[in-house]
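The following exercises ask you to work from coordinates to short structural statements, one step at a time. Please try each task before you read its solution.

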Amino acid sequence: MTRRDLAGGVAILALLVAIFHGPSSKNGFVHDDAWTIVSNPFLRQPGNLLALLGPGPARALVPDAGRPTLVATEILDHALWGLSPRGWHLQNLVWHTATASLFFILAAALAGQFLLPFTAAALFAVHPLHVEAVVAVNCREELLAAFFTLAALGAIGIRRRLLAFVLLLVGVLAKENASMAVVLLVVLDVCWKTRRRWSDYLALLAAAVVGFAWRAWVMGAPMLVSRTVEVPAENRLAVPAAAWAFLRGASNLVVPKHLSPEYEDAPRLLGWLALAVIVGAVAVSRRLPPWTRLAVLGGVAAYLPTSGLVPLANVRADRYMYLPSLALFLGLADLLLRGVQRLAWARRPPLFELPRPMLIVGAFVVVFGLRTLRQGRYWRDDLSLWTRAAAVAPTPRAFTALAEAQLRHGQTVTALKTVRHSLTLADDPHGRELLGIILMQQGDLAGARRELEAALAGTEPHHRAEALNNLGYCELQLGLTDEALARFLEAQRLAPEYDRPWLNAARAYEQKNDRASARRALRALPDSQEARRELEKLR
C-alpha cells in the first residue's frame, strides 16, 4: 500500500467526519458542559495553564482537576472562542478526525492492506455510538485518551520509546483509560505472535505509573479525577452491571438502538450472565482468528477502567465504548468483509470503477452515518437531550436533569411537575434542592426553604457549599439576614474559591448596613467582574 493510498484514506475519513458529525458544531453546550465549562471560572485565565500540574486546582474544586490535558485544551478554547460553543465543538471534531486517521494508518501497517483497516476506520469515524464523545465538549477526554494511546503504540512500533512514554503520559493525564496501552500492546503481540523487548512494555507501563502517581499526589487517590463527582453507593463495586453495559455497548456497534446519555440499571442476574459470557469469550479466544481475537481481547482490555472495579458515577455510558471500539471495529470489519467476499455479486467486475466490496462497505457507512445525524440532533441542547433520555431511560436522574433543562428554558411550571415526578421515583437531595430553587423562583419562599433544608441534610460533602449558598440566598430573600450570613460564611469556609457565597455575603452585610464587611467580602474576589461592579456601587 502506497502513501497515496494512505493520504486518500485519511482525506475520505476527514470528509466522513465533516458530513456526519460536522452539523454538531452548531450545537450548544450540553450535559456536563454547564458546570465544567460554562460555570467554571478557572478556564477564563490562560495563566492557569501553569497551575495545572500542581495541587491548587484540586484544592479549589476545579472540575476535572485530575485530567490536566483535558483542562488545558478547554483553557485554549476559552482563550480562542470565549463561550461561543462552535469553536469548542470544532476542536472535538479535529480530535475525532485525527483519532480515526491515526487508527487507519496504524491498522494499515498491521494488516498490510487497505480495505480492512479503512472499513474499520470509516465505521469508527461515523458510528452513532460515538456521538456522545464527539458532541459533548467535556467528553473530549475520550478523544484525547484514544488519540494519545494510538500515538504511543505507533511510537513503540518505530522503536521511539521515550516518545511513546511522553505521548502516553499526556494521554493518561487526559483520561486514565489510556493506561491500558501496555495491555493492548500485549494483546497485539499475543494475536500476531510477535516478540518484543521488555523496554517497549516498560516505556508504556512507566507512563501509566507516573500518571497515576501524579494523580494520587494531587487528588489524594490515583483514580480520583474530580473532587466534585458524585458516586452512587450501588456503583462502588459494579462489575456485573459494567459487564452488561459492555455487551450492550458492543451490540450497539452492530445495531445502534435507543442510544441515550442515561440508561436504566440491568437486573443483577443479567449482569452476572454477561460477565460469564465475557470471561468465556476471553477463555476461548486462542481458538479464534487473529482479528476476532484482537476484537475480544482488545475490546475487553480497553474497557477495564470502566468495568466497575473502581467507583463510577455512571456504570454505563456511550462514551466508554470509544477506546474499546477501536479493537472491536477491526474484528467487525474482518467479519463483514469475509461475509461480503462470499457473495457472488461482490466477486463480479468493479462497478463505477470501484470494487464491489467497497460499495457494500460504503452502504454500511452511509446507514450508520445517517443514524449519527439523527442522534446528533438530540444533543443540540439540554432540553432535547434529556427529553430523549427520559423517554429511553425514565430514571430519577433523567427526570431531574430534564427539570433543570426546563427551568433554564423558562418552563418553570413544567419543571416543577418534572422534578416532583423524579422525587416520586427516588427521594434524592439533588432533586430536593432543585425543587427548592423552582419554588423560590415561583415566590414560595417558605416552601423553598423547607426543601433546601431537606436537601442540605442529605447532600454530599463536596456539594455542601453550593447547597448552603442556595439555602442562604432563600433566607436572605425571607429577611432572615443573620441566618443567611451564617450559611454564606460556612460555604466560604468549605469552598474558598466558590464565588457565590462571597457575593451573597456582601449583599447580607449591605442589608445590615455593614459596608466595610461587604467591601472585604467583595475584595476577596479580585478576578470577578460582578464583584468589581458591586464594589463600584459601594463607593
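**Exercise 1. Find which residues touch the most other members of the largest nonpolar core, and which helix gives the most to this core.**

Solution. Begin with the criterion: a nonpolar core is a set of buried Ala, Val, Leu, Ile, Met, Phe, Trp, Tyr and Cys residues joined through side-chain atoms within 4.5 Å, where buried means under 20% relative accessible area, exposed over 50%, and partly exposed in between, with a 1.4 Å probe and protein chains only. The model is predicted, so that local features need pLDDT of at least 70 and side-chain atom pairs count only at pLDDT 80 or more, while totals for chains, interfaces and linings use all residues. Residues are numbered from 1 along each chain as its sequence is written, and side-chain values use heavy atoms, with hydrogens and water left out.

The largest core then holds 102 residues, of which L13, F103, L168, L204 and L330 touch the most other members. Helix α8 (residues 140-157) gives the most to this core, with 12 residues; helices here are DSSP runs of H or I with at least four residues, numbered from the N terminus. A second, separate core has 22 residues, among them V419, L468, L471 and A491.

Next, take F103 by itself: beyond its neighbours within four places in sequence, F103 is in contact (heavy atoms within 4.5 Å) with A120, A121, F124, L150, L326 and L330.

**Exercise 2. Determine how α22 and α23 are oriented to each other, and which residues make the contact.**

Solution. Axes are lines fitted to C-alpha atoms, for helices over the stretch in contact, and angles run from 0 to 180 degrees between N-to-C directions. For helix α22 (residues 464-477) and helix α23 (residues 481-494), the axes come within 8 Å and cross at roughly 160°. Angles over 145 degrees count as roughly antiparallel, under 35 as roughly parallel, 65 to 115 as roughly perpendicular and the rest as oblique, and α22 and α23 are therefore roughly antiparallel to each other.

The contact is made by R464, A465, L468, N469, L471, G472, Y473, E475 and L476 of α22, together with T481, E483, A484, R487, F488, E490, A491 and L494 of α23. These residues divide into 9 nonpolar, 3 polar and 5 charged, where Ala, Val, Leu, Ile, Met, Phe, Trp, Tyr, Cys and Pro count as nonpolar, Asp, Glu, Lys and Arg as charged, and the others, Gly among them, as polar.

**Exercise 3. Carry out the analysis for α10 and α11, and then examine K193 in the loop between α10 and α11.**

Solution. Helix α10 (residues 181-192) and helix α11 (residues 198-219) pack at an angle of about 155°, with their axes 8 Å apart, and α10 and α11 are therefore roughly antiparallel. On the α10 side A181, V182, L185, V186 and D189 meet D200, Y201, L204 and L205 of α11, and the contact divides into 7 nonpolar, no polar and 2 charged residues.

In the loop between these helices, K193 has a positive phi, near 50°, although K193 is a residue other than glycine. K193 is exposed, with a relative accessible area of 71%.

**Exercise 4. Decide whether H31 and Q91 are buried or exposed, and place each residue in the chain.**

Solution. H31 is in the loop between α1 (3-20) and α2 (33-38), and has a positive phi of about 60° although it is not a glycine. At 8% relative accessibility, H31 counts as buried.

Q91 is in helix α5 (residues 85-111) and is also buried, with a relative accessible area of 13%. Leaving aside its neighbours within four places in sequence, Q91 is in contact with T73, D77 and R140.

Methods
Helices (H or I, at least four residues) and strands (E, at least two) are DSSP runs, numbered from the N terminus.
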